[in-house]
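Here is a short note for a colleague opening this entry for the first time. Please read it with the structure in view.

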Amino acid sequence: CGGKSREEQIDEIAKMIESKTPAVIDLDEVSEAYPTEYTESMNTVLTQEITRYNALLGLMAVMLRDVQKALKGEVVMSEELEVLATSLFNNQVPAAFAKVGPLSLKPLSSWISDLNDRIDFINKWIDKGKPPAYWISGFFFPQAFITGCLQNYARKYNIAIDRLSFEIKIIDDIKPQDIS
């Protein structure tokens, strides 16, 4: 049999994911461009999102690098790295990633794609300013976004925030490409 060994397959998967995983976002640079302001809670939401995603991206970078080294015998294959390797092999989101990442039931390949879409959303916000429409399920912590919206409105119109609520109307005739 000329097939690849389990270790070779895991190494390829780790390299592929590593190549597709964005770098951490420079929070200091973003905080300077989007400072905390009383009248703009979305700046705080943005920096909170980046902080959460950076924790995940940083962990992924270290663990993916370390599992590759462990497979080559350059570092000890710890129990944590063995669990990571098994998860990669089985197309499952590693528990270490899931612990600090957004909630998801997706398999690893779809989870990586979703993570990249989320980071693209954040990067477009950073590069182009507040988006005309928000991808609410793309937020790591959507409750902060909703609170930020309420805060902005309450502060703009001098209304107590606890007097505000949302009413949601589903409109199914808008296509995703119409809002990007």
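The points below go from the core to the rings and then to the surface.

1. **Status of the model.** This is a predicted model. Please keep that in mind for every value below.

2. **The largest nonpolar core.** This core has 37 residues. Met-60, Leu-88, Phe-97, Trp-111, Ile-122 and Trp-125 touch the most other members. Which elements give two or more residues to this core? They are helix H1 (6-20), helix H3 (41-72), helix H4 (79-89), helix H5 (95-100) and helix H6 (108-128). H3 gives the largest share, with twelve residues.

3. **Aromatic pairs.** The whole structure holds eleven aromatic pairs. One of them joins Trp-125 and Tyr-134. The geometry of this pair is edge-to-face, with 5.3 Å centre to centre and 70° between the planes. An angle over 60 degrees is what earns that label.

4. **Cover on that pair.** Is Trp-125 buried or exposed? Its relative accessibility is 1%, so Trp-125 counts as buried. The cut-off for buried is under 20%. Tyr-134 has a relative accessible area of 24%, so this residue is partly exposed.

5. **A pair within one helix.** Tyr-153 and Tyr-157 make a tilted aromatic pair. Their centres are 4.6 Å apart, and the planes meet at 45°. Both residues lie in helix H7. They are four residues apart, about one turn of the helix. Tyr-153 is partly exposed, at 43% relative accessibility. Tyr-157 is partly exposed too, with a relative accessible area of 45%.

6. **An aromatic cluster.** Trp-125 and Tyr-134 appear again here, in one aromatic cluster. The other members are Phe-121, Trp-135, Phe-139 and Phe-145. Trp-125 is also among the core residues that touch the most other members.

7. **Charges over rings.** Two arginines deserve a look. Arg-6 has its charged end over the ring of Phe-89, 5.2 Å from the ring centre. Arg-155 places its charged end over the ring of Tyr-38, 4.3 Å from the ring centre.

8. **A nonpolar surface patch.** Which residues form a nonpolar patch on the surface? They are Ile-136, Ile-146, Phe-166, Ile-168 and Ile-170. Together they have about 540 Å² of accessible area. Ile-168 lies in the segment after helix H7 (142-157). Why does Ile-168 count as exposed? Because its relative accessibility is 69%, and exposed means over 50%.

How values were computed: Residues are numbered from 1 along each chain as its sequence is written. This is a predicted model: local features need pLDDT of at least 70, side-chain atom pairs count only at pLDDT 80 or more; totals for chains, interfaces and linings use all residues. Side-chain values use heavy atoms; hydrogens and water are left out. Patches are made of residues with over 30% relative accessible area and no salt bridge: like charges are joined within 9 Å, nonpolar side chains (Val, Leu, Ile, Met, Phe, Trp, Tyr) within 5 Å. Accessible areas come from the Shrake-Rupley method with a 1.4 Å probe; for residues, only the protein chains shown count as cover. A salt bridge is a side-chain nitrogen of Lys or Arg within 4 Å of a carboxyl oxygen of Asp or Glu. Buried means under 20% relative accessible area, exposed over 50%, partly exposed in between (1.4 Å probe, protein chains only). Rings of Phe, Tyr and Trp (its six-membered ring) pair if their centres lie within 6.5 Å; planes under 30 degrees apart count as stacked, over 60 as edge-to-face and the rest as tilted. A charge sits over a ring if NZ of Lys or CZ of Arg is within 6 Å of the ring centre and within 35 degrees of the ring normal. A nonpolar core is a set of buried Ala, Val, Leu, Ile, Met, Phe, Trp, Tyr and Cys residues joined through side-chain atoms within 4.5 Å.
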